There are 2 protein chains.
Amino acid sequence: MADATRVQDPALRGRIMSAEEAAGLIPTGANVGMSGFTGAGYPKEVPVALARRIMAAHERGDPFRIGVWTGASTAPELDGALAKVDGIEMRLPYQSDPTCRERINAGQMDYIDIHLSHVAQFVWFGFLGHLDVAVVEVAAVLDGGRLVPSSSVGNNKTWLDQADKVILEVNRRQSLALEGMHDIYYGTRLPPHRQPIPLVHPSDRIGTPYLMCDPAKIVAIVETDQPDRNTRFTPPDETSRMIAGHVIEFLGHEVKKGRLPNTLLPLQSGVGNVANAVFAGLKDSPFENLTAYTEVLQDGMLDLVDSGKLTFASATALSLSHEAAARFEKNIEEFRQKIVLRPQEISNHPEIIRRLGIIAMNGMIEADIYGNVNSTHVMGSSIMNGIGGSGDFARNAFLSFFMTPSVAKGGTISCIVPMVSHVDHTEHDVQVVVTEQGLADLRGLAPRQRARVVIENCAHPHFRPALQDYFERAVRGAPGRHTPHLLDEALSWHARYLRHGTM
Amino acid sequence: MADATRVQDPALRGRIMSAEEAAGLIPTGANVGMSGFTGAGYPKEVPVALARRIMAAHERGDPFRIGVWTGASTAPELDGALAKVDGIEMRLPYQSDPTCRERINAGQMDYIDIHLSHVAQFVWFGFLGHLDVAVVEVAAVLDGGRLVPSSSVGNNKTWLDQADKVILEVNRRQSLALEGMHDIYYGTRLPPHRQPIPLVHPSDRIGTPYLMCDPAKIVAIVETDQPDRNTRFTPPDETSRMIAGHVIEFLGHEVKKGRLPNTLLPLQSGVGNVANAVFAGLKDSPFENLTAYTEVLQDGMLDLVDSGKLTFASATALSLSHEAAARFEKNIEEFRQKIVLRPQEISNHPEIIRRLGIIAMNGMIEADIYGNVNSTHVMGSSIMNGIGGSGDFARNAFLSFFMTPSVAKGGTISCIVPMVSHVDHTEHDVQVVVTEQGLADLRGLAPRQRARVVIENCAHPHFRPALQDYFERAVRGAPGRHTPHLLDEALSWHARYLRHGTM
């Protein structure tokens, strides 16, 4: 496939090699910055080859583990393959791989859960140690180290800038028409030299369409034509549709009250079915000329672009189903006018999120009656995925929604509890809690007032009386009545679930 | 004292009246925005007169309560006087008055604990209801509604802009030489019209020295010569000096490692003795040409300006002892070149804090072994003061310290606990935990690693074995080993204290 090479720089063609050879350049103990965000734009060949190398080393009795830094979640060929051979010493920031999760929760692998907007700057600050190698997927290698990014940007700019050695995976499956869709901001600096980031609208372009890499650092180029881990799209279920309905009704109410324009404000949403349901619901809403400033562009948002409701979307990654990916590729020339992909330090930057006045919609594991939110831990001890960008958005948003079905695991778990078993978003950062039961608007409410609306509006009827009972007894019996809690009982719902399989 | 009037606008002189008359313009049920931040620049006459009016109403059997919105904490003449007569329905954001605290924790008064940077924008967004009256202390009333601000700025700009009616207290005790020391930024907008805030150095002036108020809204002017609630200065105790020593040693280490310049980065610190001790320690440190970008300028920081170590300080309030206040006033011409007071939405703005790369140093009530921090609640239920600006700074800082003595209440309480009883700062936002025992640098550590250094470095030796024992049993017995917790036991230290008076 010589004619198909996308390595246009003749000087770099000599560094094209097999994934095995490239993986051989990564030593044990290395910190490796890999591309990839929500199953998009991750390297597909080198991590698998590296996993084989690690397995062989372990079979010889040699230690071999690395630190894996990414944008966010990747795919079985990266996190899965490396975790299966016990090749990851430490993983950051967000991940969603079942094997990784199992190893982390077995205490066999370390995981650091960092706000997505913090990752790049912590690396620049030198807070996470030295970055040895970058393994980054690109769509093409142009001249002089200019790279056409692939279906996600994530932390790639930082990995390319900071790593000693760079391994590129050039993916022929990624459309060459991606060229021009990215906006890579090279204006970040270390304090005290930082300047305002000149972005005031989701469609603003403030950088260049290319990632830049010192060609001298590129030690290997691996060619591939493997597709992204495109997710299966499932139509929103009834619960998701009900949650979405409450959100959209509330937004309509805010427009009526004059607190939001009919174009709303730029939308952010986490991934998953509830998010897709919200975007499906927006298609039939009275709002017009919407924009999005978010992390991940999913099917629901692509449909909204298609329908003309969403005039512009800024993200750091595409995360599409097979069907949507095909549609995206077919109409890429048109989508390129309406979509921009940015580094995650910009897509998730507090400065921009606050300035734009984002409407943030994120999922959660559980909320408590006072509006504290747990986004990351199951029963206090086990990690699910990670905080991702939810903190970046929730704290700095104009309006911040946290959404979940009111029950989980066939109704044995209440997602509204007396006290969350882990806090990722404090009472100070949570404005609206939504379940299929209803919506609790916590703005301007003191803790006891919050408890009443969360229990009444959001809890499942099966658990509502017990929550009401806890709250009333706490108001009577707690040592203080600002945020009344019975500490002997506050976490007993989780303890009961662990013991008896039901809360 | 006719010649002493500071109301220069002849048209407004006719609105000078007694505090009683002015208080008569505030109806029951009103939301009142009052000036005041850390005992500086709060109105001193009208709240006391209003309290008398409320007491009289209550004696007649008439209901009379108001909503009190401020910058932060005020003084006995405001929070104390109104709380004593049960005159406050709802209070926001930060407060530290003992009577208020008692009423809030008795469930007799509502309190909403909001990030200080969020308050102004929530009012503009219409999230907290309508602001009826502003009661704002100023140093002088110039022509055309131009006001010389007093010893704090807080949310005064927003109160003056948003309230229907404005009552000014003109305080002759505040130096007229304050004129020119303030920088009031009038460039804030509602989304989607926000622009970058053009501040890149603590000394930048981006606004005007004056607060502006539509003269038509000024319904009363009350003259006073009462001083601010100047705090008594107590020299740092041994514990505070040890905490400060660890912080300064760590900063020196970061300079040596090349992660910080020898001028450090702009300093922020909470109020109190530990903060003063840090600034006392900095006076003898090798660092030079320091700057501060903080909320409150305390004695320690003034000394540092005096000594030449601190070249510039930006804050929203002065909070000085009698002695320091006298010295400040005497040398105000010189201090005015080196100090600027800004609205708290700017002093605490995430955009600016992140851009400048602040070194944030805040106190706390307790931290848990995994690095979650409780800044607000005693034993989970009772409010102490509030989160203040600690969240604004900690999340967006370059480096974020949380400091406390390792024990409280004569050693009966451990400030390092298995699980905090309330979370204000999550594991994602806490980088360095410091007690007099030592310092735990949590950067780049996974939860179990964090637990080891927090217990080893920060816990008091009396409680260390029990924390170690909890952690080891949790690692063995928890359902997951990412953040191992025994939920039956996680809050048992607090429950034990409530039951037996010792953890």
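**Exercise 1.** In this predicted model, determine in which helix of chain A the residue A:Asn273 is placed, and whether A:Asn273 counts as buried, partly exposed or exposed.

*Solution.*
1. A:Asn273 belongs to helix H9 of chain A.
2. The relative accessibility of A:Asn273 is 35%. Buried requires a value under 20% and exposed a value over 50%, so A:Asn273 is classed as partly exposed.
3. Beyond its neighbours within four places in sequence, A:Asn273 is in contact with A:Thr234 and A:Ser240.

**Exercise 2.** Locate A:Gly270 relative to the secondary structure of chain A, and classify its accessibility.

*Solution.*
1. A:Gly270 lies in the loop that runs between strand E10 (267–269) and helix H9 (273–283).
2. Its relative accessibility is 15%; because the limit for buried is under 20%, A:Gly270 counts as buried.
3. When residues up to four places away in sequence are set aside, A:Gly270 touches A:Ala275, A:Gln298, A:Met361 and A:Asn362.

**Exercise 3.** Establish why the residues that UniProt marks as "binding site" in chain A do not all gather at one spot.

*Solution.*
1. The unreviewed UniProt entry gives this feature to A:Gly270, A:Val271, A:Gly272, A:Asn273, A:Val274, A:Ile365, A:Asn385, A:Gly389 and A:Lys409.
2. These positions span 140 residues in sequence, and their farthest two C-alpha atoms are 25.5 Å apart, so they do not all gather at one spot.

**Exercise 4.** Describe the surroundings of B:Ser314, beginning with its strand.

*Solution.*
1. B:Ser314 is part of strand E13 (residues 310–315) of chain B.
2. With a relative accessible area of 0%, B:Ser314 is buried.
3. Its contacts, apart from neighbours within four places in sequence, are B:Pro202, B:Ala292, B:Tyr293, B:Thr294, B:Val340 and B:Arg342.
4. With B:Arg342, the side chain of B:Ser314 makes a polar contact of 2.7 Å.

**Exercise 5.** Characterise the interface between chain B and chain A by contacts, buried area and polar interactions.

*Solution.*
1. On chain B, 81 residues are in contact with 81 residues of chain A.
2. The two chains bury about 7,000 Å² between them, with 54% of it on carbon and sulfur atoms. B:Arg354, B:Arg395 and B:His428 supply 12% of the area that chain B buries against chain A, more than any other three residues.
3. Six salt bridges are counted between the chains. B:Arg499 forms a salt bridge with A:Asp488, with the closest N and O atoms 2.2 Å apart.
4. There are 38 residue pairs in polar contact, both members at pLDDT 80 or more.
5. The side of chain B that touches chain A divides into 34 nonpolar, 29 polar and 18 charged residues.

Conventions. Residues are numbered from 1 along each chain as its sequence is written. Chains are lettered from A and ligands numbered from 1 in the order in which they are written. This is a predicted model: local features need pLDDT of at least 70, side-chain atom pairs count only at pLDDT 80 or more; totals for chains, interfaces and linings use all residues. Side-chain values use heavy atoms; hydrogens and water are left out. Helices (H or I, at least four residues) and strands (E, at least two) are DSSP runs, numbered from the N terminus. Buried means under 20% relative accessible area, exposed over 50%, partly exposed in between (1.4 Å probe, protein chains only). A polar contact is a pair of N or O atoms within 3.5 Å; within protein, one must be able to donate a hydrogen and the other to accept it, and residues adjacent in sequence count only if both atoms are side-chain atoms. Contact means heavy atoms within 4.5 Å. UniProt positions are given in the numbering used here, feature names are shortened, and annotations may be inferred rather than shown by experiment. Buried area is the accessible area (1.4 Å probe) that two parts lose on being put together, summed over both. A salt bridge is a side-chain nitrogen of Lys or Arg within 4 Å of a carboxyl oxygen of Asp or Glu. Ala, Val, Leu, Ile, Met, Phe, Trp, Tyr, Cys and Pro count as nonpolar, Asp, Glu, Lys and Arg as charged, and the others, Gly among them, as polar.
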